[in-house]
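Biologist: Please take a close look at one part of this model, the place where two helices meet, and then set it beside the sheet. How is each of these arranged?

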Amino acid sequence: MKRIAIIGGGISGLSAAFYLQKARAAGADLEYTVFESGQRLGGSMYSDRVEGCLVEAGPDSFLTEKPWALALCKELGIADQLIGSNDAERKTYILVNGRLVVVPDGLMFMVPTQLVATALSPLFSWSTKLRMARELLHPPRPMQTDETVAQLVERHFGAEVVDRLADPLLSGVYGGDAAKLSARAVLPRFVEMEEKYGSLSRAMLAAHKKMMATRKHPPPPLFTSLQDGMQQMVDAIAVRLDPESIRLRTHILRVYPEESSSSWRVAVEMNGEERFDAVLIATPANVAGTLLDGVDRGLARNLLDITYSSSITVTLGYYLQQLAGLPPGFGFLVPRSEGTRMLACTFVHNKFPHRAPQDKGILRCFLGGARDEAVLGLSDDEILETVHRELRDILKLDARPIFSRVYRWRGAMAQYEPGHIARVQRIEKHVEEIPGLALAGNAYHGIGVPDCIRSGMEAANALAQAPVASLSPQSR
Ligand SMILES: Cc1cc2nc3c(=O)[nH]c(=O)nc-3n(C[C@H](O)[C@H](O)[C@H](O)COP(=O)(O)OP(=O)(O)OC[C@H]3O[C@@H](n4cnc5c(N)ncnc54)[C@H](O)[C@@H]3O)c2cc1C
């Protein structure tokens with residue numbers, strides 16, 4: 001019987017456990033234990049119910065373009081619980097000089113594909129619009145160095161597009177800073193498009209044309225979630241796992257292979273050591289680096305070099321009549337140049353109407369990110385005061401909410417900086433040389449929920465299939 005320790009009970013570790021459980025059901029001779037230092041499973045995936053409203057503390061949805069979350073929901077038998085975003089209401093605003101300006105039609109991520117709509121939009125200055133028109137003439141060009149997103153976008157569309165679109169979009173997705181994130185790691189499609197077409201606008205138009213020609217059905221909704229929130233996925237996995245195999249409030253201090261056998265030792269805080277045949281680490285990479293420091297210094301150093309940002313989500317519930325002045329749409333993003341602490345605000349009841357009863361509305365605000373770690377030092381009251389003040393300025397919303405919730409996510413978002421892809425290759429090379437070890441999580445091949453699920457599944461499959469081999473002395 002192969003015994004596998006899974007360290008970390010976020011969606012990456014839980015997916016690994018689910019796929020190990022599945023292998024077991026199919027006859028694999030294995031058992032697993034999930035060690036989670038927190039009091040509950042799910043990591044940053046957590047949904048709550050307040051005053052009849054569904055509050056997402058962490059992720060609120062996932063993209064189906066990457067298939068692993070959808071596939072997992074199907075395997076869990078909760079596909080009938082999937083809901084789509086209300087795309088008919090989809091409109092996003094950018095705060096420009098204190099006013100909300102709607103993102104023009106045809107802007108795909110940050111690339112304009114409808115020149116007339118872009119030309120008429122007050123979102124950009126005339127010089128940026130001219131630059132966007134000239135961008136259509138950019139010749140193909142291979143990327144020489146691992147540029148940042150800001151460098152790539154600025155080369156194509158200018159600094160204003162970095163400030164008003166690239167940066168706010170990336171702080172929304174990564175809690176990141178466009179001037180620090182690697183284009184190759186974060187926007188690989190843009191890099192490929194530039195190599196093939198030169199102009200990103202022309203490349204997007206070509207991709208759009210191709211998609212329209214082959215598409216048979218109306219497009220799927222942009223964002224997918226679950227009726228009872230993302231937590232439903234966590235709960236559906238948890239009920240399928242052997243309850244004996246889950247150890248909450250159990251903090252792992254380090255892991256190391258035994259000298260004389262093929263086993264691993266897992267050191268549990270205040271509880272001695274336990275023996276396993278394999279270890280799957282699904283914690284943030286910096287924790288993995290600390291756990292593995294005594295096993296392989298080079299591996300640990302590369303893991304510790306992956307940086308993380310922190311964020312705060314603040315959810316405010318209102319009576320709908322209090323929100324009568326809200327513009328239609330999914331919410332707004334705030335460029336750094338506006339000088340607010342708020343990075344973005346989602347009008348949740350518009351994005352997913354099922355999230356609030358008919359007479360209520362929900363606003364969800366994001367703060368923190370790579371440039372404002374200091375906000376985590378504020379008290380909840382100070383954070384709420386900041387959010388109320390900024391919402392009053394931006395939305396003219398004076399009303400006090402009927403409830404508020406503040407969630408802090410310290411070091412939750414891996415930052416894919418230039419050199420990330422090469423670093424992950426080095427990490428994987430080290431891991432390959434250490435039998436019985438696998439890594440999963442948002443630090444390696446994608447930060448979104450579908451990528452985390454994939455990472456857990458692949459790590460689980462690798463350990464389930466590998467024979468339990470002994471560690472060679474060189475690999476330690
Ligand atoms: C605010 C926010 C909003 C997001 N929104 C979206 C979204 O809308 N869509 C999307 O696709 N993605 C979103 N993401 C990203 C996505 O949610 C995360 O990347 C993903 O949930 C990470 O899962 P994970 O299991 O890899 O890590 P985590 O959720 O961080 O789980 C790691 C677990 O390891 C445990 N742990 C750590 N150290 C130890 C130890 N020594 N011993 C035992 N246990 C340990 C932790 O307690 C934690 O539970 C968002 C993230 C955040 C923070």
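**A helix pair and a sheet**

Modeller: In this predicted model, helix α2 (residues 68-75) and helix α16 (residues 449-465) have axes that come within 7 Å and cross at roughly 65 degrees. Angles of 65 to 115 degrees count as roughly perpendicular, and therefore α2 is described as roughly perpendicular to α16. On the α2 side, the residues of the contact are Trp68, Ala69 and Leu72, and they meet Val449, Pro450, Ile453, Arg454 and Met457 of α16. Sorted by character, the residues of this contact comprise seven nonpolar, no polar and one charged.

The sheet may now be considered. It is an open sheet of seven strands with mixed pairing, and its order is β7-β6-β17-β18-β19-β16-β20. Strands β7 (99-102) and β20 (403-415) stand at the edges; each has a single partner strand, so one side of each is left without a neighbour in the sheet. From one strand to the next, the twist averages 25 degrees.

As a general matter, strands of a sheet pair through backbone hydrogen bonds, either parallel or antiparallel. Here, strand β16 (residues 307-319) and β20 run antiparallel and are joined by ten bridges. Within this pairing, Thr307 has Gln415 in β20 as its bridge partner. Helix α6 (residues 159-174) packs on the sheet, where it touches β6 (92-96), β17 (331-333), β18 (342-347), β19 (360-368) and β20. The direction of α6 makes about 75 degrees with that of β18.

Key. Residues are numbered from 1 along each chain as its sequence is written. This is a predicted model: local features need pLDDT of at least 70, side-chain atom pairs count only at pLDDT 80 or more; totals for chains, interfaces and linings use all residues. Two strands pair if DSSP finds at least two bridges between them. Helices (H or I, at least four residues) and strands (E, at least two) are DSSP runs, numbered from the N terminus. Axes are lines fitted to C-alpha atoms, for helices over the stretch in contact, and angles run from 0 to 180 degrees between N-to-C directions. Two residues are in contact if their C-beta atoms, placed from the backbone, lie within 7 Å. Angles under 35 degrees count as roughly parallel, over 145 as roughly antiparallel, 65 to 115 as roughly perpendicular and the rest as oblique. Ala, Val, Leu, Ile, Met, Phe, Trp, Tyr, Cys and Pro count as nonpolar, Asp, Glu, Lys and Arg as charged, and the others, Gly among them, as polar.
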